[in-house]
Amino acid sequence: MAELKLSESRDLTRIERIGAHSHIRGLGLDSSLEPRGVSEGMVGQEQARKAAGVILQMIKEGKIAGRAILLAGQPGTGKTAIAMGMAKSLGLETPFSMLSGSEIFSLEMSKTEALMQAFRKSIGVRIKEETEVIEGEVVEIQIDRPAVSGAASKTGKLTLKTTDMETVYDLGAKMIEALGKEKVQSGDVIAIDKASGKITKLGRSFSRSRDYDAMGPQTKFVQCPDGELQKRKEVVHCVTLHEIDVINSRTQGFLALFTGDTGEIRAEVREQIDTKVAEWREEGKAEIVPGVLFIDEVHMLDIECFSFLNRALENEMAPILVVATNRGITSIRGTNYKSPHGIPIDLLDRLLIITTQPYSEDEIHKILDIRCQEEDVEMSKDAKQLLTKIGHETSLRYAIHLITASALNCQKRKGMVVEVQNITRVYSLFLDVRRSTQYLMEYQKEYMFNEASMVDGGDADANTMQD
């Protein structure tokens, strides 16, 4: 008898692009906001994570809006990781938008408009509306197809029932097509939106649970609805203020959201939308959800942007602003003045500052462990120890980059586990910043446009001119 070969099924959840922070699942705090040692992809930075957790709790309770937080620390100390952890902890309901300071200067719109759009993307509106729904168990579907094709459209009858009543509905061509698309059959519990005609399959009735011996794992059984077939249900839509702005300001409406060609939105449109949203809030139809706007590399903004942020934070519809920088005392872009983190003093005064500390050798080892799991790389204990030493002496980012490179080197040599020699090999192939700088210092005369050669060249030219 021929052996039956089953087609190999791949786990789709693993077919994802692995990013620098794809291992972050949250802030790694317990119920009392105390940071765990290693949790949800986060390692170390206990004080910073605890502070971020307090801010997160205030956001969830809706007690904080128009506030700003600064994440300040050296490069590679986990500032973006903390912001990503906050985003994951907030969930899908709370809007979270990310922006790099340099992005604002490369857009085809004014800097303040780009910042305003980013602010509006970070404010959610939860709109409640009541719709009429027909909900019941399908007893029978009868479809009458015409004998001659094209002679007339298909017609049919749909019998729906609840525990209290049963009704027959006449079907048109569109409804027949919709039922066919959803693969609705007798015994299914369905809901039909009266306004749009949308059909939603809720599951299969418990009364039909013994009809078949074989059932797929995705088959969901539900009780037959009770009461009347027609019901009024409250539906909640979550949108951002920016999406409402775009739909109301462009001729192509919501299509502009997909094309990305939103352009500049007039202030009058925004004022009208704010007034309308305020009306909905008073009537109880809508609820404002202040989200989070994260601006990385905030020192790249100039004095005009900082002045705009000062005013925007005072607006009643302002989100929580989280900014990050790795600069010390440096010039404020657009001025000759120096300031801590390159941010004006008046804006710094509005910020709650969270600092991040450099990682210890033990913490670097734990982070490399997590990254090896994320990148599906099996590494020996000695190789991990060497990589930790490299990370401590050079930088954590450089050590993380060597993980995949050493895994490829190991694969090339038909190995299964990354060993010390693989790490040594890639360490000699790829230089870190310190070794690269040392190399430049030794051979700088061989390079073009270095300061030493410019000085020598200038003297030579001056001598030629005198001759």
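Which residue forms a salt bridge with D188? Select D188 together with R204: the two form a salt bridge, and their closest N and O atoms lie 2.8 Å apart. The coordinates belong to a predicted model. Colour the secondary structure next, and the pair is seen to link distant parts of the chain, with D188 in strand β8 (residues 188–193) and R204 in strand β9 (residues 199–205), 16 residues apart. Both ends are covered, since D188 is buried and R204 is buried too.

**The whole chain**

Zoom out to the full protein chain, which has 15 helices and 17 strands. Of its 467 residues, 39% are buried. Switch on a surface representation: the accessible surface of the chain comes to about 28600 Å², and carbon and sulfur atoms account for 51% of that area. For a contact map, take the contacts with a separation of 6 or more; residues 24 or more positions apart account for 65% of these.

**Further salt bridges**

The count of salt bridges comes to 23. Select E268 and R266, whose side chains meet in one of them at 3.2 Å, N to O. Is R266 buried or exposed? R266 has a relative accessible area of 53%, and it counts as exposed because the cut-off for that class is over 50%. Its partner E268, at 43% relative accessibility, counts as partly exposed.

Move to R435 and D432, where the side chains form a salt bridge with an N to O distance of 2.6 Å. D432 has a relative accessible area of 6% and is therefore buried, the limit being under 20%. R435, at 21%, counts as partly exposed.

Now select E113, R120, D245, R270 and D274 as a group: salt bridges that share partners join these residues into one network.

**Helices α3 and α5**

Keep R120 and D245 highlighted and display helix α3 (residues 111–121) with helix α5 (residues 241–249). The two helices pack at an angle of about 120 degrees, with their axes 6 Å apart. On the α3 side the contact is made by Q117, R120 and K121, and on the α5 side by L241, H242 and D245. Which classes of residue make up the contact of α3 with α5? One residue is nonpolar, two are polar and three are charged. R120 and D245 thus appear both in this contact and in the salt-bridge network.

**Helices α11 and α12**

Next, display helix α11 (residues 381–393) beside helix α12 (residues 396–412). They pack at an angle of about 145 degrees, and their axes are 7 Å apart. Select L387, I390 and G391 of α11, then L396, Y398, A399, L402 and I403 of α12, to show the residues that make the contact. By class, seven of them are nonpolar, one is polar and none is charged.

**N409, the last stop**

Stay on helix α12 and select N409, which is placed in this helix. Why does N409 count as buried? Its relative accessibility is 12%, and the class of buried residues takes in values under 20%, so N409 belongs there. Which residues is N409 in contact with, leaving aside its neighbours within four places in sequence? Add N422, R425 and V426 to the selection, as these are the residues in contact with N409 once those neighbours are set aside.

Notes
Residues are numbered from 1 along each chain as its sequence is written. This is a predicted model: local features need pLDDT of at least 70, side-chain atom pairs count only at pLDDT 80 or more; totals for chains, interfaces and linings use all residues. Side-chain values use heavy atoms; hydrogens and water are left out. A salt bridge is a side-chain nitrogen of Lys or Arg within 4 Å of a carboxyl oxygen of Asp or Glu. Helices (H or I, at least four residues) and strands (E, at least two) are DSSP runs, numbered from the N terminus. Buried means under 20% relative accessible area, exposed over 50%, partly exposed in between (1.4 Å probe, protein chains only). Contact means heavy atoms within 4.5 Å. Axes are lines fitted to C-alpha atoms, for helices over the stretch in contact, and angles run from 0 to 180 degrees between N-to-C directions. Ala, Val, Leu, Ile, Met, Phe, Trp, Tyr, Cys and Pro count as nonpolar, Asp, Glu, Lys and Arg as charged, and the others, Gly among them, as polar. Accessible areas come from the Shrake-Rupley method with a 1.4 Å probe; for residues, only the protein chains shown count as cover.
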